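Here are my notes, in the order I'd raise them over coffee. Have the structure open while you read.

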Amino acid sequence: MAPKKKAEKSRQDKPRSLLQQLAAKPEKLFTGKFRQQYGALCFRYKDDETTIEILVVTSRDSGRWIIPKGWPMERKEPHEAAAIEAWEEAGVRGKVRKKPVGRYTYLKLQGDGDVVPCIVDIFQIEIKKAHDNFKERGERSLAWVSPDEAARRVREVELKSLLVEFTPRGRRSQTLP
């Protein structure tokens, strides 16, 4: 009997996944409003000028792959907030579209262990400049990858679909010499 109790105890001591936590308290999904966030789908054209690469970054807490995103900002339009997040999290700047190209939902684990559902409106940014010195440098890893690889790296199913199907909208801006 003792070995069985020990195995049960060690299972209880292990940190539970987000889904396991929600299974224990499903009401958390339905008790509050969805929180709004804004994300930046940063892309650039490769040398062939037709193929694109998408920027993915790691989150600071779990190290999972995501796109730059954050909370609304006072006196900033949603597309401006997305561009600021891209700058702070990855040191990239470019031409941002004012209308979202999509949205996805996910569950955000707060520092206090609470879970909040979030809706992320996504704004495309054609990256023109990347800088080595930015606010969250050293706190995140960055990778420029194909849309398929970006989709493989992220966890959120809706975001995976958006990345695989992403086609830049609007006129392509001219590269200056």
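**Notes on the predicted model**

1. Let's start with R75, which is exposed at a relative accessible area of 76%. Keep in mind that this is a predicted model. R75 belongs to the loop between β4 (69-70) and α3 (78-90), and its phi is positive, about 60°, although it is not a glycine.

2. E49 is another one to look at on the backbone: its phi is near 65°, again positive in a residue other than glycine. You'll find E49 in the loop between β1 and β2. As background, most residues other than glycine have a negative phi.

3. Now the inside. The largest nonpolar core has 21 residues, and those touching the most other members are I54, Y104, I122, L159, L163 and F166. Two or more residues come from each of β1 (35-45), β2, β6 (102-109), β7 (115-130), β8, α4 (147-153) and α5 (157-165). The top contributor is β7, with four residues. There is also a second, separate core of 14 residues, with Y38, L55, V57 and A90 among them.

4. F166 deserves its own point. Setting aside neighbours within four places in sequence, F166 is in contact with L41, F43, I52, I54, V101 and Q124. Ring pairs also join F166 to a cluster with F43 and Y45. The structure as a whole holds four aromatic pairs.

5. Which residues point to which face along strand β8 (residues 142-145)? A143 and V145 face one way and are buried, while L142 and W144 face the other way and are not. That fits the textbook picture, in which side chains of a regular strand alternate between the two faces of the sheet. The partner here is strand β2 (residues 52-58), which pairs with β8 in the antiparallel sense over four bridges. Within that pairing, V56 stands opposite A143.

6. Two arginines sit over tryptophan rings, if you like that sort of thing. R35 lies over the face of W71, 4.3 Å from the ring centre. The charged end of R93 is over the ring of W87, at 3.8 Å from its centre.

7. Last, the cysteines. How many disulfides does a search of the whole structure find? Zero. C42 counts as buried because its relative accessibility is 0%, and C118 is buried too, with a relative accessible area of 0%.

Conventions:
Residues are numbered from 1 along each chain as its sequence is written. This is a predicted model: local features need pLDDT of at least 70, side-chain atom pairs count only at pLDDT 80 or more; totals for chains, interfaces and linings use all residues. Side-chain values use heavy atoms; hydrogens and water are left out. Rings of Phe, Tyr and Trp (its six-membered ring) pair if their centres lie within 6.5 Å; planes under 30 degrees apart count as stacked, over 60 as edge-to-face and the rest as tilted. A charge sits over a ring if NZ of Lys or CZ of Arg is within 6 Å of the ring centre and within 35 degrees of the ring normal. Buried means under 20% relative accessible area, exposed over 50%, partly exposed in between (1.4 Å probe, protein chains only). Two strands pair if DSSP finds at least two bridges between them. A disulfide is a pair of cysteine sulfur atoms within 2.5 Å. A nonpolar core is a set of buried Ala, Val, Leu, Ile, Met, Phe, Trp, Tyr and Cys residues joined through side-chain atoms within 4.5 Å. Contact means heavy atoms within 4.5 Å.
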